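Grab your viewer and work through these exercises one at a time. Each comes with a solution to check yourself against.

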Amino acid sequence: MTTTVNAYAAPAPKAPLERTTITRRTVREHDVLIEIAYAGICHSDIHQAREEWGQASFPMVPGHEIAGVVTEVGPGVTKYAVGDRVGIGCFVDSCRECENCLRGEEQYCLRGNIPTYNGEGFDGEKMYGGYSSHIVADENYVLRIPDGLSLDVAAPLLCAGITLYSPLARWNAGPGKKVAIVGVGGLGHMGLKIAHAMGAEVTALSQSLRKKDDALRLGADHYYATSDPATFEELAGTFDLIVSTISANYDVGAYLSLLKVGGTLVNVGAPDTPSSFHLFSLIGGRKSLAGSMIGGIQETQEMLDFCAEHGLGSEIEVIAPEQINEAYERVVASDVRYRFVIDVASLR
Ligand code: NAP
Ligand code: ZN
Ligand code: ZN
């Protein structure tokens, strides 16, 4: 049994998204039905809808920054009740028994996590994301949105928030640490806020000076334009930790040169082409290059609670579903301040 609901979908790779209907499964034993209020537009939605990461599944309903309200629960559900404010991030299931799942790092499930969209469930169900009026998901992959956060500014935390929180926490951003966030977009602006709240000295590195006032307001102590070659000379050897959110390919070696001895560059951006850099840029300073992908369920809840405690929502521009295609163009042009959030309730 399934229910038909309204959605916005890309019918084919690179095609504009259009209004359509999809089916959602009937609520099972441990499922909750969520009436979606808002869905953020992550750059990963665009990479996938345009098939930049390889073959994808169409029609595609993107959206993995989902915030809404529970309207029905299965008979076995214990964590949520009707009326609860909840969110869903980038995955909706995993094997639950591999070493990574057991450690609470379901995003790295050895069987592969089940993505919120652009994939299939273990039983072959085609997954559709948050650009839709409703979603059904297992309660164990649903997050609680704390009372202090409104649903619109909370939605982007489900991907952008956790993707920055996790490496900042793991690599100990905090008092006495010099942290740079590269790219002031959806992910990057949350990085500025979270690193600042953790107590680090925060530098924003952006292509131009256009976002300077915003970045300083959001939590940056310093701001530099990377289009100015003098920036790389001035900041050489400065940072304990750099988190790069750049969505395109970039000069990894140039950013490694900005690390102190023993520093780490964590890359979270996911460009579609391989990078190259000289290994000497790691050797000459015992530096590390790392990557990080979103976060586990427990850590995502921890991030939401941290953001509520520190009053950290996303800076958003709310749009109607009809504006999704235009918003995609603005994201690609680095012209988003700083996350588009779709008013999904208007699809009901
Ligand atoms: P976004 O809002 O478009 O932000 C990316 C920022 O990167 C832009 O605002 C821009 O910042 C900078 N940038 C873009 N093109 C650049 C270029 N050619 N050279 C230098 N800087 C450039 O995108 P997002 O939603 O934050 O996502 C960023 C990337 O992370 C995407 O590739 C996305 O797929 C990936 N992602 C990864 C994870 C993960 O788990 N690792 C999770 C979510 C997203 P300035 O204007 O400030 O220069
Ligand atoms: Zn995302
Ligand atoms: Zn697993």
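**Exercise 1. Find where Tyr-338 sits, then describe the peptide bond that leads into Tyr-338.**

Solution. Start with the place: Tyr-338 is in the loop between helix H11 (324-332) and E17. Keep in mind that this is a predicted model. Next, look at the bond from Arg-337 to Tyr-338: the bond is cis, with omega about -10°. There's another cis bond to look up, from Phe-58 to Pro-59, where omega is near -5°. Pro-59 belongs to the loop between H1 and E4. For context, most peptide bonds are trans.

**Exercise 2. Check phi of Lys-14 and Arg-286, and decide whether each residue is buried or exposed.**

Solution. Step one is the backbone. Lys-14 isn't a glycine, yet its phi is positive, about 70°. Arg-286, also not a glycine, has a positive phi near 45°. Most residues other than glycine have a negative phi. Step two is location: Lys-14 lies in the loop between strand E1 (2-9) and E2, and Arg-286 in the loop between helix H9 (280-283) and E15. Step three is accessibility, where exposed means over 50%. Lys-14 comes out at 61%, so Lys-14 is exposed. Arg-286 has 64%, so Arg-286 is exposed.

**Exercise 3. Work out which protein atoms hold the zinc ion (ligand 2), and how the donors are spread along the chain.**

Solution. First list the donors: SG of Cys-42, NE2 of His-64 and SG of Cys-159, at 2.0 to 2.3 Å from the ion. Then write the spacing, which is C-x21-H-x94-C. Now place the pair His-64 and Cys-159, which links distant parts of the chain, 95 residues apart. His-64 is in the loop between helix H1 (43-49) and strand E4 (66-73), while Cys-159 is in the loop between helix H3 (151-154) and helix H4 (160-170). Last, check accessibility: His-64 has 6% and so counts as buried, and Cys-159 has 5% and so counts as buried.

**Exercise 4. Classify the arrangement of the four donor atoms around the zinc ion (ligand 3).**

Solution. The donors are the SG atoms of Cys-95, Cys-98, Cys-101 and Cys-109, at 2.3 to 2.4 Å. Along the sequence these residues follow C-x2-C-x2-C-x7-C. To classify, take the angles between donors: tetrahedral needs all of them between 85 and 135 degrees. Here they run from 102 to 121°, so the arrangement is tetrahedral. The ideal angle for four tetrahedral donors is 109.5 degrees. As for accessibility, Cys-101 has 8% and is therefore buried, and Cys-109 has 7% and is therefore buried.

**Exercise 5. Say how many residues of H4 are buried, and what the buried residues pack against.**

Solution. Count first: nine of the 11 residues of H4 are buried, so the helix is largely enclosed by the rest of the structure. Those buried residues include Gly-161, Leu-164 and Tyr-165. Their packing partners are strand E10 (178-182), helix H5 (186-198), strand E13 (239-244), strand E14 (259-267), H10 and strand E17 (339-343). After H4 comes Asn-172, with a positive phi near 55°.

Two of the buried H4 residues, Ser-166 and Pro-167, lead on to Ser-292, which touches both of them. Ser-292 lies in the loop between strand E15 (288-291) and helix H10 (297-309). Its relative accessibility is 16%, so Ser-292 counts as buried. Among its other contacts are Tyr-108 and Asn-267.

**Exercise 6. Describe the linings of the largest cavity and the second largest pocket by residue class.**

Solution. Take the cavity first. Its volume is about 60 Å³, and its lining includes Phe-91, Leu-158, Ile-162 and Thr-300. By class, that lining has eight nonpolar, three polar and no charged residues.

Now the second largest pocket, with about 260 Å³ of space. Its lining has 22 residues, with Arg-25, Arg-28, Asp-93, Glu-125 and Met-127 nearest the centre. E8 gives the largest share, four residues. By class, the pocket lining has eight nonpolar, three polar and 11 charged residues.

Note on methods
Residues are numbered from 1 along each chain as its sequence is written. Chains are lettered from A and ligands numbered from 1 in the order in which they are written. This is a predicted model: local features need pLDDT of at least 70, side-chain atom pairs count only at pLDDT 80 or more; totals for chains, interfaces and linings use all residues. Side-chain values use heavy atoms; hydrogens and water are left out. Donors are N, O and S atoms within 2.8 Å of the metal (3.2 Å for Na, K and Ca); water is not among the atoms, so sites may look incomplete. Buried means under 20% relative accessible area, exposed over 50%, partly exposed in between (1.4 Å probe, protein chains only). Contact means heavy atoms within 4.5 Å. Four donors count as tetrahedral if all angles lie between 85 and 135 degrees; four count as square planar and six as octahedral if opposite donors are over 155 degrees apart and all others between 65 and 115; anything else is irregular. On a 1 Å grid over the protein atoms alone, a cavity is a set of points where a 1.4 Å probe fits but cannot get out, and a pocket is an open set with protein on both sides within 12 Å along at least five of seven lines; lining residues have an atom within 4 Å of a point. Grid points are joined across faces, edges and corners, and a volume is the space filled by probe spheres set on the points. Ala, Val, Leu, Ile, Met, Phe, Trp, Tyr, Cys and Pro count as nonpolar, Asp, Glu, Lys and Arg as charged, and the others, Gly among them, as polar. Lists of a residue's contacts leave out its neighbours within four places in sequence.
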